[in-house]
Each structure stands twice: as C-alpha cells, then as structure tokens.
Amino acid sequence: QVQLVESGGGLVQAGGSLRLSCAASGRTFSTYTMGWFRQAPGKEREFVAVITSSGGRTSYADFVKGRFTISRDNSKNTVFLQMSSLKPEDTAVYYCTAGYGWPRPRYDYWGQGTQVTVSS
C-alpha cells in the first residue's frame, strides 16, 4: 500500500514556474514507476510525465516537452514536477500516481491532487 500526497500547487502568472512535489509513504517507493497526470475542468484526466523507478528514463506528453521536468529522490520517497513557462491552459488539478511497468505503466495508487492555476 502506498499513500501519495501532492504539494506545491498554487496561482502563478503565465510564463512563471512552479515545482510540484509528491511524497510517498512506505518502504517500496524506489520500486515504483511514478507519473503525473492532470485534469482541467470539464476535461478528462490526461498524462503529463512519467519516470522509471530508478529515475533513468522519463517520458512526457508533447504539450509539456521542453517546459516540464520530472525527477525523483528515492532517498526521500519523493517525486517532483518542475514546471516552467506556464500557460493558462496548464491550469488543472495535478495528480501523482505510482505503478509498475514501462512504457505503459499500470497505475495502482493516486494522490488527492494539487491545484495549479495559471493566470494570463
């Protein structure tokens, strides 16, 4: 069982940056593939980024490539999403998720989400 708690969301102007964190409970964090998804009002949840258990490989949705960076610190059971050059269309609730597999992980655990609002 893994519990995920996101933090770092907030209100930022277009062009600004935010760093999201996701803290995981349990001693098996380093075995999980970790991902970030987001859901905007009235839209379906969509994939943002994913990182392998070791941090050796990452993958991004096309709409965030070059702007967002996913990373992890297995010694602190935490995964990060550094977001730069934010756009109003990045406004959404961002969710952290943990699972297994690559390149199409099966996600077993989800956090409660953190709101990111980008003003124009």
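This is a short tour of a predicted model, going from the whole chain to a few charged side chains.

Begin with the whole protein in a cartoon view, where 11 strands and zero helices can be found, so that the order along the sequence reads β-β-β-β-β-β-β-β-β-β-β. The radius of gyration is 13 Å, close to the 14 Å that the globule rule gives for 120 residues, and the protein is therefore as compact as a globular protein of that length. Turned along its principal axes, the set of C-alpha atoms fills a box of roughly 40 × 25 × 25 Å.

Next, show the surface, of which about 6,200 Å² is exposed, with carbon and sulfur atoms supplying 47%. Of the 120 residues, 47% are buried.

Now colour the charged side chains, 13 of them positive and 8 negative, and look for the five salt bridges that a search of the whole structure finds. Select R38 and D90, whose closest N and O atoms are 2.9 Å apart in a salt bridge; R38 sits in strand β4, while D90 lies in the loop between β8 and β9, 52 residues apart. Both of these residues are buried.

Keep D90 selected and add R67, since what else does D90 form a salt bridge with? The partner is R67, with the closest N and O atoms 2.7 Å apart, and R67 belongs to the loop between β6 and β7. R67 is buried, as is D90. Adding E46 completes a network of salt bridges that links R38, E46, R67 and D90.

Finally, select R106 and D108, another salt-bridged pair, at 2.9 Å between the closest N and O atoms. Here R106 counts as exposed at 57% relative accessibility, whereas D108, at 31%, is partly exposed.

Key:
Residues are numbered from 1 along each chain as its sequence is written. This is a predicted model: local features need pLDDT of at least 70, side-chain atom pairs count only at pLDDT 80 or more; totals for chains, interfaces and linings use all residues. Side-chain values use heavy atoms; hydrogens and water are left out. Helices (H or I, at least four residues) and strands (E, at least two) are DSSP runs, numbered from the N terminus. The radius of gyration is taken over C-alpha atoms; the globule rule is 2.2 Å times the number of residues to the power 0.38. Buried means under 20% relative accessible area, exposed over 50%, partly exposed in between (1.4 Å probe, protein chains only). Accessible areas come from the Shrake-Rupley method with a 1.4 Å probe; for residues, only the protein chains shown count as cover. Lys and Arg count as positive and Asp and Glu as negative; His and the chain ends are not counted. The place of a charge is taken as NZ of Lys, CZ of Arg, CG of Asp or CD of Glu. A salt bridge is a side-chain nitrogen of Lys or Arg within 4 Å of a carboxyl oxygen of Asp or Glu.
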